[in-house]
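User: I would like to learn how structural labels are justified. Could we work through a few, one at a time?

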Amino acid sequence: MENCSLCRCGSETVRASSTLLFTLSYPDDKTGKNYDFAQVLKRSICLDQNTQWGPARAEEEHGVYVYDLMATVVHILDSRTGGSLVAHIKVGETYHQRKEGVTHQQWYLFNDFLIEPIDKHEAVQFDMNWKVPAILYYVKRNLNSRYNLNIKNPIEASVLLAEASLARKQRKTHTTFIPLMLNEMPQIGDLVGLDAEFVTLNEEEAELRSDGTKSTIKPSQMSVARITCVRGQGPNEGIPFIDDYISTQEQVVDYLTQYSGIKPGDLDAKISSKHLTTLKSTYLKLRFLIDIGVKFVGHGLQKDFRVINLMVWQGSFKSLILRVPKDQVLDTVYLFHMPRKRMISLRFLAWYFLDLKIQGETHDSIEDARTALQLYRKYLELSKNGTEPESFHKVLKGLYEKGRKMDWKVPEPEGQTSPKNAAVFSSVLAL
């Protein structure tokens, strides 16, 4: 950028500058004249250079509105990966109240899942060699006091109704779910079985140190490939109403078919026979379910939500767009877990408590979501809603004893004795 200064004598001085930040001032013109961005920017720069009045007097005398910088998005350059986007956001008093009751404004750095407070000057410090500004977000000062800015949920229940697939060759016989009818729309507290499958976009890059330990240079990048939601109550309980395969333009290096059930071609709109959608379309459905107040039931949901980019949040920050309140998550991996003990797989829990053998050759998200719902029902039955905690503790103790004896592996031969007939299980169940 070049700064041009014109003296009264007529001489012009031009010098290079990296200053890219100006306070935008929009003229209050009652004639109805429209100003393009270049004119507004020019007026703002001239006002900043020549006006000695403060913002309040400038607004009073000239009808000029003052804008405050509230967020910046910068591109961090990296020749190896192409770089990434990082945001600096100014959190205001309304959303930033401390426990001692003191309110203030604070700038925060948002870098993937890293969120930390920063000094206000860091948000406007740019360096063209590695930190290039991409977006500058301004808000008119005193806007909250002049206008009603209450956010209304723009997502309507229609997002859950039937939609066309992006796949060109999909046939009705390949449909794996039944969309919700208008009389089935979820209500607050309704149960929804959820499971997600993922693929790998970039392999992990690591190097071996001289002492034999491994150092990760770049972690593997996962992408959501399939999201399934199953009805948790009603006459159609257990039947999925969402089974979306997420179309991607990125190159998939590993479909993880053994664990995900996703095969090459499933995410390609030209040849896929699945119900293919965009990530945005599926996000809207999940966002609606979260806002309506349903309770998600699944196994290992916290990890699933993390890759989906929905954070399980314990608190009252209603302004966070991609958050899932913790009280809306019922994770069977924690329901059937004893402190300081190992986490138990869904496959072993299904065999032990439900006499089901799942995840044989590959995983299926419909099967996993439905099994998690059944396990939650079993949990309510065994724990009796928490009225007899000692009895449920004995159930878990028997589970871990059986798991250790079997090395946490589900028996393959068909003639294997069912765990329901085992003495340790029947004695506990009779309590």
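Analyst: Start with a definition: a polar contact is a pair of N or O atoms within 3.5 Å, where one must be able to donate a hydrogen and the other to accept it. Keep in mind that this is a predicted model.

User: What makes the link between the side chain of Ser383 and the backbone oxygen of Tyr379 a polar contact?

Analyst: The distance is 2.6 Å. The cut-off is 3.5 Å, so the pair counts as a polar contact.

User: Why is Ser383 called buried?

Analyst: Its relative accessible area is 5%. Buried means under 20%, so Ser383 qualifies. Ser383 belongs to helix H9, residues 365–383.

User: Which residues of helix H6 are buried?

Analyst: In H6, residues 301–308, they are Leu301, Asp304, Phe305 and Ile308.

User: How do you know that these buried residues are on the same side of H6?

Analyst: Look at the arc around the axis. They cover only 95 degrees, which puts them on the same side of H6. Just after H6, Asn309 has a positive phi of about 80 degrees.

User: Which residues are closest to the centre of the second largest pocket?

Analyst: The pocket has a volume of about 600 Å³. Of its 21 lining residues, Glu197, His299, Lys303, Asp304 and His363 are closest to the centre.

User: Which element supplies the largest share of that lining?

Analyst: Strand S9 does, with four residues. S9 (191–202), helix H4 (257–260) and H6 each supply at least two. By class, the lining has ten nonpolar, six polar and five charged residues.

Terms used
Residues numbered from 1 in each chain as written. Predicted model: local features only at pLDDT ≥ 70, side-chain atom pairs only at ≥ 80, totals over all residues. Heavy atoms only, no water. Buried < 20%, exposed > 50% of the residue type's maximum accessible area, 1.4 Å probe, protein only. Arc of directions from axis to C-beta. 1 Å grid on protein atoms, 1.4 Å probe; cavity = no way out; pocket = protein on both sides within 12 Å on 5 of 7 lines; lining within 4 Å. Points joined across faces, edges and corners; volume = space filled by probe spheres on them. Nonpolar A, V, L, I, M, F, W, Y, C, P; charged D, E, K, R; others polar.
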